[in-house]
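Here's a quick briefing to read alongside the model. Have the viewer open and click through as you go.

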Amino acid sequence: MPARSVPSSVHPDIERVLLDESAIKARIKELGRQISQDYAGRKLTLVGILKGSIVFMGDLMRSIAAECTIDFMAVSSYDGVSSTGVVRLNLDLRESAEGKDLLIVEDVVDTGLTLHYLLDNLRSRNPRSVEVCALLDKPDCRKAQVRAKYVGFSIPNEFVVGFGLDYNELYRNLPYVGILKKEKQAS
Ligand code: IMP
């Protein structure tokens with residue numbers, strides 16, 4: 001069978017590739033190993049936060065050996081490149097969270113406002129535990145005190161796209177994480 005063909009060139013709207021595909025995939029495998037150890041013998045529910053987590057979620061769940069189910073929530077707080085600060089729940093879990101070991105799977109923690117909202121919301125449903133696994137963390141941008149137990153990469157305060165992350169719904173399909181050129185950011 002021929003090798004899968006992937007675009008090798010960098011998208012013209014990208015200033016610089018921050019994390020290439022092989023580095024991301026290797027790190028996700030490490031996260032999967034860590035999570036598998038921590039949840040060995042337990043049943044885990046991965047809560048993917050749409051839409052930014054989908055690529056990460058797909059790779060992460062295949063790296064987890066512990067028994068797991070998946071569910072999704074969708075929230076919005078972003079307008080272009082900036083957080084509005086008001087988090088809205090657009091889609092809720094299909095299953096009850098009561099008594100479950102939940103692991104929120106996020107693309108990036110930026111101000112932390114989204115995660116703060118999600119943690120409050122999910123803790124109020126009496127789960128057995130709630131933890132967070134984020135592909136990216138921008139620790140310099142915090143407005144709410146939240147911490148992800150599992151983090152793929154800490155990155156500087158730059159607006160990044162790719163590997164599921166978007167700017168106005170574009171660039172989610174890029175196989176790497178790259179900094180979007182300033183002239184492509186409207187605000
Ligand atoms: P927070 O509430 O500011 O922590 O932002 C969380 C959400 O904002 C993430 O789940 C992303 O959807 C979005 N976001 C934050 N920073 C970026 C970025 O650099 N690129 C794309 N989306 C981002």
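Which residue in strand 9 is the bridge partner of Leu-19? Val-177 is the one to click on. Keep in mind that this is a predicted model. The protein has three helices and nine strands, and the small sheet around strand 9 is a handy place to start.

**Overall build**

- Going along the sequence, the elements come in the pattern β-α-β-α-β-β-β-α-β-β-β-β.
- The radius of gyration is 16 Å, and that agrees with the value near 16 Å for a compact globule of 187 residues.
- Along the principal axes, the C-alpha atoms fill a box of roughly 45 × 45 × 25 Å.
- Of the 187 residues in the protein, 48% are buried.
- About 9900 Å² of the protein is exposed, with carbon and sulfur atoms supplying 48% of that area.
- Take the contacts between residues at least 6 apart in sequence: 67% of them join residues at least 24 apart.

**The 1-9-8 sheet**

- Three strands make up an open sheet in the order 1-9-8, and the pairing is antiparallel.
- Strand 1 (14-19) and strand 8 (160-161) are the edges; each has a single partner strand, so one side of each has no neighbour in the sheet.
- As background, strands of a sheet pair through backbone hydrogen bonds, in a parallel or antiparallel way.
- Strand 1 and strand 9 run antiparallel and are joined by four bridges, and the Leu-19 to Val-177 pairing links a residue to its partner in strand 9.
- On the strand 8 side, two bridges make the antiparallel connection to strand 9 (residues 177-180).
- Val-160 has Ile-179 as its bridge partner in strand 9.

**The aromatic pair**

- Searching the whole structure turns up one aromatic pair.
- Phe-159 and Tyr-167 are the two residues, with ring centres 5.9 Å apart and planes at 80°, so the pair counts as edge-to-face.
- The cut-off behind that label is an angle over 60 degrees between the planes.
- Phe-159 is buried, at 13% relative accessibility.
- Tyr-167 is buried too, at 7% relative accessibility.

**Salt bridges**

- The count comes to 14 salt bridges.
- The general idea is that side chains of opposite charge can pair when their charged atoms come close.
- Lys-25 and Glu-21 form one of them, with the closest N and O atoms 3.7 Å apart.
- These two, Lys-25 and Glu-21, sit four residues apart in helix 1 (residues 21-38), so about one helical turn separates them.
- Both ends count as partly exposed: Lys-25 has a relative accessible area of 33%, and Glu-21 comes in at 25%.
- There's a network here as well, in which salt bridges link Glu-21, Lys-25, Asp-59 and Arg-62.
- Arg-142 and Asp-137 also meet in a salt bridge, at 2.7 Å from N to O.
- In that pair, Arg-142 is partly exposed with a relative accessible area of 22%, whereas Asp-137 is buried at 10%.
- Lys-182 and Glu-158 make another salt bridge, and their closest N and O atoms are 3.5 Å apart.
- Lys-182 lies in the segment after strand 9, while Glu-158 is in the loop between strand 7 (150-154) and strand 8, so this pair ties together parts that are 24 residues apart in sequence.
- Lys-182 is exposed, at 54% relative accessible area, whereas Glu-158 is partly exposed at 25%.

Notes
Residues are numbered from 1 along each chain as its sequence is written. This is a predicted model: local features need pLDDT of at least 70, side-chain atom pairs count only at pLDDT 80 or more; totals for chains, interfaces and linings use all residues. Side-chain values use heavy atoms; hydrogens and water are left out. Two strands pair if DSSP finds at least two bridges between them. Rings of Phe, Tyr and Trp (its six-membered ring) pair if their centres lie within 6.5 Å; planes under 30 degrees apart count as stacked, over 60 as edge-to-face and the rest as tilted. Buried means under 20% relative accessible area, exposed over 50%, partly exposed in between (1.4 Å probe, protein chains only). A salt bridge is a side-chain nitrogen of Lys or Arg within 4 Å of a carboxyl oxygen of Asp or Glu. The radius of gyration is taken over C-alpha atoms; the globule rule is 2.2 Å times the number of residues to the power 0.38. Contact means heavy atoms within 4.5 Å. Accessible areas come from the Shrake-Rupley method with a 1.4 Å probe; for residues, only the protein chains shown count as cover.
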